[in-house]
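Reader: I have a structure open and would enjoy going through it with you. Could we take it one topic at a time?

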Amino acid sequence: MNSTGAASRPPDLVIFDCDGVLIDSEIVVAKTHASSLTGAGIVITEEELLRRFVGISDADMYRALEQEAGIRLPADHDELTRLAVRELFEKELQPIPGIHELLANLAVPVCVASSSTSARLEFSLSLAELYDHFAPDVFSSTMVANGKPAPDLFLHAAERMGAAPQTCLVIEDTLAGVEAAVAAHMPVIGFTGASHCQAGHVEALMSRGAMAVAKSAPELEAIIARTSRHTSR
């Protein structure tokens, strides 16, 4: 952590992204968006959505795609897509294997900082039996002016939790999220334990500034513990 300016002690706060870190949701979401967007006239594949927009808020994604396609999505597109995502979540959503055990063993304050809306965060984390572990410390990009890769959300979470940015540790699976943590001057561990992560993602996260990358929840727990021992000397 010293390479990113972190204090010489264990982190005061661990900030978790949600989708792809706590819950294995990115493929479910991309599948739904690909179907709804294509039906609305913006033809796009699940693979392209995963490549371009993982970690980006729906609002920012819609703006970019509307500008590229030169069309406006129907006024009810977002609400109908949210309902479709909720329905699919109820059938398919799973927590990341081992994440409950990691959280039970983590002896520092934690919170969530995600590009998802507050309503979806409560719904999805509740389905995975994780919401009560974090509530009320669940922060959405809708609470700040600029979503990831801007640092606003992580800085907001740190301020609300009473932690200085350099004493926080971020866990992120997305390039935008890693960039946001670096911009916030927070050390960040990349995570590739979700089903959407493809070959080359470890290298991509490292290239954006991740100090290490974990491929599973047990490996993430070990890296956090090793980082804490290192920084406590």
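Author: Gladly! One definition before we begin: a residue counts as buried when its relative accessible area is under 20%, as exposed when it is over 50%, and as partly exposed in between. Please also keep in mind that this is a predicted model.

Reader: Thanks! Let me try that on a cysteine: is Cys18 buried or exposed?

Author: The cut-off for a buried residue is under 20%. The relative accessible area of Cys18 is 0%, so Cys18 is buried.

Reader: Which cysteine sulfur is closest to that of Cys18?

Author: Let's begin with the overall search, which finds zero disulfides in the whole structure. A disulfide needs two sulfur atoms within 2.5 Å. The sulfur closest to that of Cys18 is 12 Å away, too far for a bond, and it belongs to Cys111.

Reader: And how far is the sulfur of Cys197 from its nearest cysteine sulfur?

Author: Cys197 also counts as buried, because its relative accessibility is 16%. Cys197 is in no disulfide, and its nearest cysteine sulfur, in Cys18, lies at 14 Å.

Reader: On to the strands. Why is β2 described as largely enclosed by the rest of the structure?

Author: In a regular strand, side chains alternate between the two faces of the sheet. Here Val110, Val112 and Ser114 point one way from β2, while Cys111 and Ala113 point the other way, and all are buried. Strand β2 covers residues 110-114, so it is largely enclosed because the buried residues number five of the five.

Reader: How many bridges join β1 to β2, and which residue of β2 stands opposite Val14?

Author: Strand β1 spans residues 13-16 and runs parallel to β2. The two strands are joined by three bridges. Opposite Val14 in this pairing stands Val110.

Reader: Which residue of β3 stands opposite Ser114?

Author: Strand β3, residues 138-140, pairs with β2 in the parallel sense, also over three bridges. In that pairing, Ser114 of β2 stands opposite Ser140.

Reader: Now for the interior. Which helix gives the largest share of the largest nonpolar core?

Author: As background, nonpolar side chains in soluble globular proteins tend to be buried together. In this model the largest nonpolar core has 38 residues, and Phe16, Leu22, Ile171 and Leu220 touch the most other members. The largest share of this core is four residues, from helix α11 (residues 217-231).

Reader: Which residues is Ile171 in contact with, leaving aside its neighbours within four places in sequence?

Author: Ile171 is one of the residues that touch the most other members of the core. Its contacts beyond those neighbours include Val21, Ile189 and Phe191. The rest of the list is Val14, Ile15, Phe16, Asp17, Leu220 and Ile224.

Reader: What about the pocket: which helix supplies the largest share of its lining?

Author: The largest pocket holds about 520 Å³ of space. Its lining has 34 residues, with Ile56, Ser57, Asp58, Ser115 and Ser116 nearest the centre. Helices α1 (26-39), α2 (46-53), α3 (58-69) and α4 (77-92) each supply at least two lining residues. The largest share, six residues, comes from α3.

Reader: I'd like to check the backbone too. Which two residues does the cis peptide bond with omega of about 5° join?

Author: Its proline sits in the loop between α7 (131-134) and β3. Another cis bond, with omega near 15°, runs from Lys148 to Pro149, and Pro149 is found in the loop between β3 and α8 (152-161). The bond with omega of about 5° joins Ala135 and Pro136.

Reader: Is Glu129 buried or exposed?

Author: Glu129 is found in the loop between α6 (118-127) and α7. Its phi is positive, about 60°, although Glu129 is not a glycine. With a relative accessibility of 67%, Glu129 counts as exposed.

Reader: One last stop: how far apart in space are Ser195 and Glu26, C-alpha to C-alpha?

Author: Ser195 lies in the loop between β5 and α10 (201-208), and its relative accessible area of 41% makes Ser195 partly exposed. Beyond its neighbours within four places in sequence, Ser195 is in contact with Asp24 and Ile27. Ser195 and Glu26 are 169 residues apart in sequence, and their C-alpha distance in space is 7.9 Å.

Definitions and conventions
Residues numbered from 1 in each chain as written. Predicted model: local features only at pLDDT ≥ 70, side-chain atom pairs only at ≥ 80, totals over all residues. Heavy atoms only, no water. Buried < 20%, exposed > 50% of the residue type's maximum accessible area, 1.4 Å probe, protein only. Pairing = 2+ DSSP bridges. Core = buried A, V, L, I, M, F, W, Y, C linked by side-chain atoms within 4.5 Å. Contact = heavy atoms within 4.5 Å. 1 Å grid on protein atoms, 1.4 Å probe; cavity = no way out; pocket = protein on both sides within 12 Å on 5 of 7 lines; lining within 4 Å. Points joined across faces, edges and corners; volume = space filled by probe spheres on them.
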